Amino acid sequence: MEIRKNESFVVTIEDMSDDGAGIGKLDGYIWFIKDTVTGDVVEAKSMKMKKSYGYARLVKVLRPSEDRVEPVCPVARQCGGCQLQAMSYEAQLRFKENKVYNNLLRIGGFDPLTKDQFLPILGMEQPWRYRNKAQFPFGTDRDGNTVTGFYAGRTHSIIPIKDCLLGVEDNEKVLRTIKEFMNRHHIRSYDEQRHQGLVRHVLIRKGFATGELMVCLVINGERLGHEEDLVERLKDIRGMTSISCSINREKTNVIMGDQVIHLYGPGYITDFIGPIKYQISPLSFYQVNPVQTEKLYETALEFAGLTGNETVWDLYCGIGTISLFLARKAKQVFGVEVIPQAIDDARRNGELNGLTNVTFFTGKAEEVLPREYEEHQIRADVIVVDPPRKGCDERCLDTIVKMGPKRVVYVSCDSATLARDLRYLCDRGYELKKVRCCDMFGWSTHCEVCVKLRRK
């Protein structure tokens with residue numbers, strides 16, 4: 001049956017893609033349909049077609065899957081930030097495990113893993129209100145009123161949202177207070193097209209363990225104006241600890257600018273992951289789900305198998321979150337990160353926790369690790385890597401093989417590049433011992449993975 005553009009058709013959803021779109025087939029032709037769930041029978045309308053596959057829009061669910069639920073968020077489809085809100089949380093966990101498992105088999109070429117190797121996923125007890133960080137863009141509606149919310153998928157059109165159910169409840173009050181301040185002083189939101197207006201975004205962070213709140217307005221100018229009034233309004237919100245402005249006058253998709261002006265408080269908030277205390281500034285990288293982060297780091301610590309006598313390297317260490325977590329059980333920890341501000345934070349956090357057995361290097365892991373190994377003969381009993389989505393540089397992997405640590409712990413946010421890198425290491429003397437997924441981002445397709453490798 002030939003289907004043309006904008007024609008409707010009925011199809012059964014048989015599977016789901018990595019980005020959460022349902023997959024259905026008609027006469028061998030593959031359709032990708034957002035907002036559908038495996039098992040759904042749906043009416044869809046064709047939107048864009050290639051030779052062997054096409055994209056369609058969901059029109060109506062004719063027979064719902066047993067895994068389908070009613071999205072809690074009223075703008076879930078328009079926003080697109082939660083790709084899996086139509087799927088039950090239990091089914092999401094199965095979807096994420098299957099995605100990781102299949103990538104290990106298909107890309108990594110690993111044999112089917114046993115239950116002793118592929119451990120059950122670490123799910124959330126409460127999959128709502130888990131994010132300690134939110135960044136809201138500001139704009140105007142057709143009537144010129146200030147609006148804030150989230151961008152619709154692949155656009156710069158703002159969907160007005162007062163309260164995202166993934167974020168903390170404090171966000172709603174902060175956004176309302178800022179909008180009232182802007183309206184009173186006639187401060188305009190930023191216009192992407194004209195590169196005009198002042199307020200571009202607001203960053204809100206909360207320490208889950210401490211209750212401390214941070215607000216940072218991103219502005220297209222040297223100063224906000226009427227800062228005293230903003231501070232007076234915001235500091236009445238319970239837990240308000242730090243208020244600042246970040247200057248970003250560039251035409252760019254990067255949200256935060258490099259220059260931060262502190263208006264109130266010390267310029268940071270504090271939080272804990274397990275027993276480790278962290279200072280978090282507006283520009284700091286910090287995991288957005290602290291409850292699940294503790295589970296992930298405890299898994300990494302378990303896989304590292306530390307007894308107190310080991311030298312550990314933590315590559316792509318950020319502000320030292322994993323480094324400091326490991327330092328409690330290791331003889332010596334070396335952390336490597338390319339961003340200088342992150343290393344400044346890492347060193348400060350080491351001092352904050354009284355940990356003297358941690359040394360941090362600024363630079364690329366693929367440059368620092370070979371240099372310290374070849375020039376200074378610094379070896380490793382355990383190496384932990386937590387790279388960005390693109391995975392590890394091959395030179396870095398090659399140095400890991402040359403150093404020959406007894407164990408490698410690989411923490412990944414992308415199971416495809418993870419599988420590729422694991423194959424490289426396992427072809428050069430290592431064996432895969434344990435894999436455990438950890439759900440850090442409920443209602444989205446993303447999943448963190450922690451893997452233990454042992455030298456043969």
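This dialogue walks through a few features of one predicted model.

Biologist: What ground rules apply here?

Modeller: This is a predicted model, where local features need pLDDT of at least 70 and side-chain atom pairs count only at pLDDT 80 or more, while totals for chains, interfaces and linings use all residues. Residues are numbered from 1 along each chain as its sequence is written, and side-chain values use heavy atoms, with hydrogens and water left out.

Biologist: Start with empty space. What volume does the second largest pocket have?

Modeller: Rolling a probe the size of a water molecule over the atoms shows where empty space is left. On a 1 Å grid over the protein atoms alone, a cavity is a set of points where a 1.4 Å probe fits but cannot get out; a pocket is an open set with protein on both sides within 12 Å along at least five of seven lines. Lining residues have an atom within 4 Å of a point. Grid points are joined across faces, edges and corners, and a volume is the space filled by probe spheres set on the points. Here, the second largest pocket has a volume of about 960 Å³. It is lined by 29 residues, and the closest to its centre are Ile33, Lys34, Asp35, Arg77 and Gly80.

Biologist: Which elements each supply at least two residues of that lining?

Modeller: Helices (H or I, at least four residues) and strands (E, at least two) are DSSP runs, numbered from the N terminus. Strand S3 (29-33), strand S5 (53-63) and helix H1 (76-79) each supply at least two lining residues of the second largest pocket. The largest share, 4 residues, is from S5.

Biologist: How do the lining residues divide by chemistry?

Modeller: Ala, Val, Leu, Ile, Met, Phe, Trp, Tyr, Cys and Pro count as nonpolar, Asp, Glu, Lys and Arg as charged, and the others, Gly among them, as polar. The lining of the second largest pocket has 14 nonpolar, 7 polar and 8 charged residues.

Biologist: Now helices. What span should helix H7 have?

Modeller: The expected span is 1.5 Å times one less than the number of residues. Helix H7 (residues 340-352) has 13 residues, so it should span 18 Å; its end C-alpha atoms are 18 Å apart, which agrees.

Biologist: Which residues of H7 are buried?

Modeller: Buried means under 20% relative accessible area, exposed over 50%, partly exposed in between (1.4 Å probe, protein chains only). In H7 the buried residues are Ala342, Ile343, Asp345, Ala346, Asn349 and Gly350. Seen down the axis of H7, they fall within an arc of 155°, so they line one face of the helix. That arc is taken from the directions from the helix axis to the C-beta atoms.

Biologist: What do the buried residues of H7 pack against?

Modeller: Contact means heavy atoms within 4.5 Å. The partners are strand S15 (276-280), helix H6 (321-327), strand S17 (332-337) and strand S18 (358-362). H7 is followed by Gly354, with a positive phi near 65°.

Biologist: Where does His226 sit?

Modeller: His226 is in the loop between strand S11 (213-219) and helix H4 (227-234). Its phi is near 60°, a positive value in a residue other than glycine. His226 counts as partly exposed, at 41% relative accessibility. Trp443 also has a positive phi, of about 80°, and is not a glycine. Trp443 lies in the loop between strand S21 (430-438) and strand S22 (448-455). Trp443 is buried, with a relative accessible area of 6%.

Biologist: Why call helix H10 largely enclosed?

Modeller: 9 of the 12 residues of H10 are buried, so the rest of the structure largely encloses it. The buried residues of H10 pack against helix H2 (89-106), helix H9 (394-403), strand S20 (407-412), S21 and S22. Thr417 lies in H10 (residues 415-426). Thr417 is buried, at 13% relative accessible area. Not counting residues up to four places away in sequence, Thr417 touches Arg389, Lys390, Gly391 and Tyr410.

Biologist: Last one. Is Arg436 in strand S21 buried or partly exposed?

Modeller: Arg436, in strand S21, is partly exposed, with a relative accessible area of 21%. Not counting residues up to four places away in sequence, its contacts include Leu119, Pro120, Thr299 and Glu448. Arg436 and Val368 are 68 residues apart along the chain, and their C-alpha atoms are separated by 29 Å.
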